[in-house]
Amino acid sequence: AFRSLDANIKFSQITNDFEILHMELRKNNDHPRDIVAIYRPPSGKYEPFINMLEDLFIRNEEPLMILGDININILNINTQTKLSPNNYINILGNYGHEIYNQAITRYNRVTQNHSTIDHIISRKNRNDLLTFTTNNIITDNFSDHQIIIAKEYGRRAIKEKNPAPVTINKVNKSKAIQEIKANISIVQTNLNPEKLCEDLNRLKY
(Lines give C-alpha, C1' and ligand atoms only; values in the text may rest on other atoms or scores of the structure.)
Protein backbone atom coordinates (compact mmCIF):
# COMPACT_ATOMS: atom_id res chain seq x y z
CA ALA A 1 0.00 0.00 0.00
CA PHE A 2 1.12 3.55 -0.56
CA ARG A 3 0.80 6.52 1.75
CA SER A 4 0.15 9.28 -0.77
CA LEU A 5 -0.44 9.82 -4.47
CA ASP A 6 -0.08 13.26 -6.02
CA ALA A 7 -1.13 14.24 -9.53
CA ASN A 8 -0.33 17.18 -11.77
CA ILE A 9 -1.96 17.67 -15.16
CA LYS A 10 0.59 18.21 -17.95
CA PHE A 11 -1.74 18.21 -20.96
CA SER A 12 -5.37 17.50 -21.83
CA GLN A 13 -7.46 17.67 -24.97
CA ILE A 14 -10.91 16.51 -26.06
CA THR A 15 -11.94 16.24 -29.72
CA ASN A 16 -14.44 14.16 -31.69
CA ASP A 17 -11.64 11.72 -32.50
CA PHE A 18 -9.90 11.23 -29.15
CA GLU A 19 -9.67 12.32 -25.53
CA ILE A 20 -6.31 12.56 -23.78
CA LEU A 21 -5.23 13.38 -20.23
CA HIS A 22 -1.49 13.42 -19.53
CA MET A 23 -0.62 13.45 -15.82
CA GLU A 24 2.51 13.31 -13.74
CA LEU A 25 1.94 11.01 -10.79
CA ARG A 26 4.20 10.76 -7.76
CA LYS A 27 3.77 7.96 -5.24
CA ASN A 28 5.19 8.71 -1.79
CA ASN A 29 8.67 10.15 -2.44
CA ASP A 30 9.38 8.05 -5.52
CA HIS A 31 10.36 9.56 -8.87
CA PRO A 32 7.40 10.88 -10.87
CA ARG A 33 5.80 8.83 -13.61
CA ASP A 34 4.15 10.09 -16.77
CA ILE A 35 0.71 8.50 -17.04
CA VAL A 36 -1.41 9.14 -20.13
CA ALA A 37 -5.10 8.21 -20.29
CA ILE A 38 -6.51 8.04 -23.82
CA TYR A 39 -9.96 7.29 -25.16
CA ARG A 40 -10.57 6.79 -28.87
CA PRO A 41 -14.29 6.46 -29.69
CA PRO A 42 -15.30 3.81 -32.25
CA SER A 43 -16.43 6.60 -34.58
CA GLY A 44 -13.18 8.53 -34.19
CA LYS A 45 -11.11 9.17 -37.30
CA TYR A 46 -7.82 7.33 -37.47
CA GLU A 47 -5.53 10.07 -38.82
CA PRO A 48 -6.08 12.64 -36.01
CA PHE A 49 -5.65 9.89 -33.42
CA ILE A 50 -2.32 8.76 -34.85
CA ASN A 51 -1.12 12.36 -35.23
CA MET A 52 -1.94 12.97 -31.57
CA LEU A 53 -0.11 9.80 -30.55
CA GLU A 54 3.01 10.73 -32.51
CA ASP A 55 2.96 14.28 -31.13
CA LEU A 56 2.74 12.81 -27.64
CA PHE A 57 5.86 10.72 -28.16
CA ILE A 58 7.79 13.52 -29.87
CA ARG A 59 7.30 16.06 -27.10
CA ASN A 60 8.08 13.62 -24.27
CA GLU A 61 11.56 12.17 -23.99
CA GLU A 62 10.77 10.11 -20.89
CA PRO A 63 9.05 6.71 -21.28
CA LEU A 64 5.28 6.93 -20.97
CA MET A 65 2.68 4.66 -19.44
CA ILE A 66 -0.38 4.91 -21.68
CA LEU A 67 -3.70 3.45 -20.53
CA GLY A 68 -6.86 3.56 -22.51
CA ASP A 69 -9.87 2.31 -24.39
CA ILE A 70 -8.37 2.63 -27.87
CA ASN A 71 -11.06 0.68 -29.75
CA ILE A 72 -8.48 -1.05 -31.94
CA ASN A 73 -8.77 -4.79 -31.48
CA ILE A 74 -5.29 -6.32 -31.34
CA LEU A 75 -6.87 -9.79 -31.53
CA ASN A 76 -8.01 -9.00 -35.07
CA ILE A 77 -4.84 -8.79 -37.14
CA ASN A 78 -5.86 -7.24 -40.44
CA THR A 79 -3.02 -5.80 -42.48
CA GLN A 80 -5.23 -4.67 -45.32
CA THR A 81 -6.67 -1.58 -43.60
CA LYS A 82 -4.97 1.53 -42.31
CA LEU A 83 -6.68 1.02 -38.95
CA SER A 84 -5.21 -2.46 -38.55
CA PRO A 85 -3.60 -3.54 -35.27
CA ASN A 86 -0.35 -4.20 -37.14
CA ASN A 87 -0.18 -0.59 -38.33
CA TYR A 88 -0.98 0.75 -34.86
CA ILE A 89 1.49 -1.60 -33.14
CA ASN A 90 4.22 -0.65 -35.60
CA ILE A 91 3.73 3.04 -34.83
CA LEU A 92 4.09 2.34 -31.12
CA GLY A 93 7.21 0.32 -31.84
CA ASN A 94 8.73 3.17 -33.84
CA TYR A 95 8.75 5.19 -30.61
CA GLY A 96 10.05 2.40 -28.41
CA HIS A 97 6.74 1.36 -26.83
CA GLU A 98 4.55 -1.72 -26.95
CA ILE A 99 1.25 -3.13 -25.66
CA TYR A 100 1.66 -5.30 -22.56
CA ASN A 101 -1.77 -6.82 -21.99
CA GLN A 102 -2.99 -9.55 -24.31
CA ALA A 103 -6.07 -10.96 -22.58
CA ILE A 104 -9.62 -10.22 -23.71
CA THR A 105 -10.85 -6.94 -22.23
CA ARG A 106 -14.38 -6.86 -23.63
CA TYR A 107 -16.70 -9.82 -24.06
CA ASN A 108 -19.59 -9.80 -26.52
CA ARG A 109 -21.81 -12.58 -25.27
CA VAL A 110 -24.23 -12.20 -28.19
CA THR A 111 -21.88 -12.36 -31.19
CA GLN A 112 -18.97 -14.01 -29.32
CA ASN A 113 -16.67 -11.54 -31.10
CA HIS A 114 -14.49 -10.85 -28.07
CA SER A 115 -11.85 -8.17 -28.29
CA THR A 116 -8.78 -6.61 -26.69
CA ILE A 117 -9.48 -2.93 -27.27
CA ASP A 118 -8.21 -1.63 -23.90
CA HIS A 119 -4.44 -1.31 -23.82
CA ILE A 120 -1.61 -0.76 -21.37
CA ILE A 121 1.33 0.66 -23.31
CA SER A 122 4.84 1.24 -22.03
CA ARG A 123 8.45 1.20 -23.20
CA LYS A 124 9.70 -1.96 -24.89
CA ASN A 125 11.35 -4.89 -23.17
CA ARG A 126 10.34 -4.04 -19.63
CA ASN A 127 11.03 -6.80 -17.15
CA ASP A 128 9.59 -4.82 -14.24
CA LEU A 129 5.96 -4.56 -15.37
CA LEU A 130 3.31 -7.14 -14.61
CA THR A 131 -0.23 -6.90 -15.97
CA PHE A 132 -3.30 -9.05 -15.47
CA THR A 133 -6.95 -8.79 -16.45
CA THR A 134 -9.65 -9.40 -13.89
CA ASN A 135 -12.85 -11.29 -14.30
CA ASN A 136 -15.68 -9.06 -15.46
CA ILE A 137 -16.57 -7.84 -11.98
CA ILE A 138 -18.03 -4.43 -12.76
CA THR A 139 -20.85 -4.19 -15.27
CA ASP A 140 -23.83 -2.59 -13.54
CA ASN A 141 -23.99 1.13 -14.38
CA PHE A 142 -20.23 1.37 -14.67
CA SER A 143 -18.55 -0.48 -17.52
CA ASP A 144 -18.86 -3.45 -19.84
CA HIS A 145 -15.06 -3.79 -20.04
CA GLN A 146 -12.68 -5.90 -18.01
CA ILE A 147 -10.38 -4.23 -15.50
CA ILE A 148 -6.65 -4.39 -16.23
CA ILE A 149 -4.21 -4.01 -13.36
CA ALA A 150 -0.56 -3.09 -13.89
CA LYS A 151 2.11 -3.45 -11.22
CA GLU A 152 5.72 -2.31 -11.32
CA TYR A 153 8.32 -4.25 -9.40
CA GLY A 154 12.09 -4.48 -9.12
CA ARG A 155 14.30 -2.11 -11.04
CA ARG A 156 14.21 -0.72 -14.57
CA ALA A 157 15.06 -3.10 -17.36
CA ILE A 158 18.82 -3.10 -17.99
CA LYS A 159 20.57 -5.45 -20.39
CA GLU A 160 23.30 -7.26 -18.48
CA LYS A 161 25.34 -10.35 -19.20
CA ASN A 162 24.74 -11.76 -15.72
CA PRO A 163 21.75 -9.88 -14.33
CA ALA A 164 21.06 -10.13 -10.63
CA PRO A 165 17.82 -11.90 -9.77
CA VAL A 166 14.80 -9.67 -9.30
CA THR A 167 12.36 -10.39 -6.51
CA ILE A 168 8.76 -10.15 -7.68
CA ASN A 169 6.22 -9.06 -5.10
CA LYS A 170 3.21 -11.02 -6.22
CA VAL A 171 -0.09 -9.24 -6.64
CA ASN A 172 -2.86 -10.67 -4.50
CA LYS A 173 -5.34 -10.76 -7.38
CA SER A 174 -8.25 -11.93 -5.27
CA LYS A 175 -7.71 -9.19 -2.70
CA ALA A 176 -7.26 -6.55 -5.40
CA ILE A 177 -10.55 -7.53 -7.04
CA GLN A 178 -12.39 -7.50 -3.70
CA GLU A 179 -11.00 -4.06 -2.88
CA ILE A 180 -12.07 -2.69 -6.25
CA LYS A 181 -15.56 -4.18 -5.92
CA ALA A 182 -15.93 -2.76 -2.42
CA ASN A 183 -14.63 0.72 -3.21
CA ILE A 184 -15.34 1.44 -6.87
CA SER A 185 -18.40 3.50 -5.97
CA ILE A 186 -16.16 6.19 -4.45
CA VAL A 187 -14.34 6.76 -7.75
CA GLN A 188 -16.50 9.30 -9.55
CA THR A 189 -15.86 9.76 -13.25
CA ASN A 190 -16.59 13.50 -13.21
CA LEU A 191 -13.84 14.42 -10.76
CA ASN A 192 -10.53 16.07 -11.56
CA PRO A 193 -7.33 13.95 -11.26
CA GLU A 194 -6.31 15.50 -7.95
CA LYS A 195 -9.62 14.48 -6.34
CA LEU A 196 -9.46 11.05 -7.99
CA CYS A 197 -6.05 10.49 -6.41
CA GLU A 198 -7.48 11.37 -3.01
CA ASP A 199 -10.19 8.76 -3.51
CA LEU A 200 -7.79 6.13 -4.87
CA ASN A 201 -5.54 6.59 -1.84
CA ARG A 202 -8.23 4.78 0.12
CA LEU A 203 -7.80 1.61 -1.96
CA LYS A 204 -5.18 -0.67 -0.34
CA TYR A 205 -4.09 -3.86 -2.07
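Is Lys10 buried, partly exposed or exposed, and what is its relative accessibility? Select Lys10 in this predicted model to begin the tour. At 43% relative accessibility, Lys10 counts as partly exposed, because the partly exposed class lies between 20% and 50%.

**First stop: Lys10 and Asp34**

Keep Lys10 selected and add Asp34. The two residues form a salt bridge, with 2.8 Å between the closest N and O atoms. This pair connects distant parts of the chain: Lys10 belongs to strand S1 (residues 5-14) and Asp34 to strand S3 (residues 33-39), 24 residues apart. Asp34 has a relative accessibility of 11%, so it counts as buried. A search of the whole structure finds five salt bridges. In general, side chains of opposite charge can pair when their charged atoms come close.

**Second stop: Arg33 and Glu152**

Next, select Arg33 together with Glu152. Their closest N and O atoms are 2.5 Å apart, and the residues form a salt bridge. Here too the pair links distant parts of the chain, with Glu152 in strand S8 and Arg33 in strand S3, 119 residues apart. Glu152 is partly exposed at a relative accessible area of 31%, and Arg33 is also partly exposed, at 23%.

**Third stop: strands S7 and S8**

From Glu152, extend the selection to strand S8 (residues 148-152) and add strand S7. The two strands run antiparallel and are joined by five bridges. Within this pairing, Leu129 has Glu152 of S8 as its bridge partner. Glu152 therefore takes part both in the bridge to Leu129 and in the salt bridge with Arg33.

How many of the five residues of S7 are buried? Colour residues 129-133 by accessibility: four of the five are buried, so S7 is largely enclosed by the rest of the structure.

**Fourth stop: Arg123 and Asp128**

Select Arg123 and Asp128, whose side chains meet in a salt bridge at 3.6 Å, N to O. Arg123 is buried, with a relative accessible area of 13%; Asp128 is buried as well, at 5%. Now add Arg126, Arg33 and Glu152 to the selection. Together with Arg123 and Asp128, these residues are linked in a network of salt bridges.

**Last stop: model confidence**

Finally, colour the model by pLDDT. The protein averages 76, and 66% of the residues score at least 70. Over residues 156-160 the pLDDT is below 50, and this stretch has nine contacts in the model beyond near neighbours in sequence.

How values were computed
Residues are numbered from 1 along each chain as its sequence is written. This is a predicted model: local features need pLDDT of at least 70, side-chain atom pairs count only at pLDDT 80 or more; totals for chains, interfaces and linings use all residues. Side-chain values use heavy atoms; hydrogens and water are left out. Buried means under 20% relative accessible area, exposed over 50%, partly exposed in between (1.4 Å probe, protein chains only). Two strands pair if DSSP finds at least two bridges between them. pLDDT is the predictor's confidence in each residue, from 0 to 100. Contact means heavy atoms within 4.5 Å. A salt bridge is a side-chain nitrogen of Lys or Arg within 4 Å of a carboxyl oxygen of Asp or Glu.
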